[in-house]
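User: Got a minute to go through this model with me? I'd like to talk domains first, then the ligand.
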Amino acid sequence: MNGAQEALLSVRGVSVRFGGIRALDGVSFDVEKGRIVGLIGPNGAGKTTLFNCLSRLYEFQEGEIRYEGRSLVEVPRHGIASLGIGRTFQNLALFRTMSVVENVMVGGHCRTSTGYIANMLRLPSVKAEEAQLRAKAEELVRFLRLEHVAELPVGGLPFGYQKRVELGRGLISDPKLLLLDEPAAGLNHEELDDLGRTIMDIRDRLGVTVLLVEHHMSLVMSISDKVVALDFGQKIAEGTPAEVQNHPDVIRAYLGTG
Ligand SMILES: Nc1ncnc2c1ncn2[C@@H]1O[C@H](COP(=O)(O)OP(=O)(O)OP(=O)(O)O)[C@@H](O)[C@H]1O
Ligand SMILES: [Mg+2]
C-alpha cells in the first residue's frame, strides 16, 4: 500500500441512536494520513455526533472505529488526547479574560505528567512542566500568526483571531489527527481565506491530518483532499471535492433543506 494513502482513521458501519432518532446509520469512511478530509451535510446530518464518537463522548451501538489500527472502543475518554486525537468544539469555549497564550496552554494541561500532590505543593517539576508548556504555546501562537496579541485577553479580539486560538488549543497536545467542528462559523470573507490558509499550514507544516466539519462550501471544497457527505445519518457521497459537489444526492440534500 502507498504510505501516503494509509488510513489513520477508519470508520466502519457506525450507528448511533438517540431514542427513535438514528443520528448515524452505518457510516463508513477512511481518513488517510496527511490529508484534509471534509465532512459535510445539512443541519442534523450527524457530523458532530460522529466527532463525539471519535472523542468517546458518545457510545455507538454498532460498527467500529479504528485509529492507527487500534479499536477506539477500548480507549477511555481521557485517553483520546494522549493517543493523538485533538479537537475543537462547535461552540467557541475560550476563557475571555485569559490571554491568547494562556488559552492555548489550557489544551495541554491534560497531558502534563505531574500528579495532584506535586501540583498542590508547586514542586520544581511542576514549574518546569509549566514553563515547557508555555514555551510550546508561544511557539504555536507564532505559527498561528498571533504573536502580536499573545498577551492580550481573548475576549476583546476579533472573531477570526479567537478561532485561531481555538486551533492552537487543539494543537498543543501534539495531535496526529485534528478534528475541527465548524471552525469558520461566523467568519467574514477575509477571515475565511485566512483560516483556510492556516488549516493547510497545519497539514503541510505540522504534518497533522485534519477532519473538517464545515458548512462553508467554498472553504471545504478549496482545501479538502477528499470530501464525505452525510444526510440523515447516512453517507450519501464520498470523493474529490468536485465529485461530491456535483453528486445528485448531495445537491438534493442541500436543496431539500433549503
Ligand atoms: N445528545 C443527543 N441527544 C439526542 N439527540 C441528539 C443528541 N446529539 C445529537 N442528536 C440528534 O442527532 C442528530 C444529528 O445531530 P448532529 O448534532 O450530529 O448534527 P450535525 O450534522 O452536527 O448538525 P449541525 O450542522 O447543525 O451542527 C440530530 O437529529 C440531533 O438532534
Ligand atoms: Mg454539528
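User: How far apart are the C-alpha centres of domain 1 and domain 2?
Analyst: They lie 28 Å apart. Keep in mind that this is a predicted model, where local features need pLDDT of at least 70, side-chain atom pairs count only at pLDDT 80 or more, and totals for chains, interfaces and linings use all residues. Residues are numbered from 1 along each chain as its sequence is written, chains are lettered from A and ligands numbered from 1 in the order in which they are written, and side-chain values use heavy atoms, with hydrogens and water left out.

User: Which residues make up each domain?
Analyst: Domain 1 is 1-84 + 177-185 + 210-258, and domain 2 is 93-174. Those bounds come from an automatic or database domain assignment.

User: How many residues of domain 1 are in contact with domain 2?
Analyst: Seven, and they meet seven residues of domain 2 (contact means heavy atoms within 4.5 Å).

User: And what area is buried between domain 1 and domain 2?
Analyst: About 540 Å², with carbon and sulfur atoms giving 62%. That's the accessible area (1.4 Å probe) that the two parts lose on being put together, summed over both.

User: How many salt bridges are there between domain 1 and domain 2?
Analyst: Zero. A salt bridge here is a side-chain nitrogen of Lys or Arg within 4 Å of a carboxyl oxygen of Asp or Glu.

User: What about the whole structure, how many salt bridges there?
Analyst: The search finds 18. One of them joins Arg17 and Glu62, with the closest N and O atoms 3.4 Å apart.

User: OK, ligand 1. Which residues come nearest?
Analyst: Asn43, Gly44, Lys47, Thr49 and His215, out of 14 residues around ligand 1 (near means a heavy atom within 4 Å).

User: How far is an oxygen atom of ligand 1 from an N or O atom in the side chain of Thr49?
Analyst: 2.6 Å.

User: Which backbone atoms should I look at?
Analyst: Try Gly46, where a backbone N or O atom lies 2.9 Å from an oxygen atom of ligand 1. For Ala45, a polar backbone atom is 3.2 Å from a ligand 1 oxygen.

Technical notes
A polar contact is a pair of N or O atoms within 3.5 Å; within protein, one must be able to donate a hydrogen and the other to accept it, and residues adjacent in sequence count only if both atoms are side-chain atoms.
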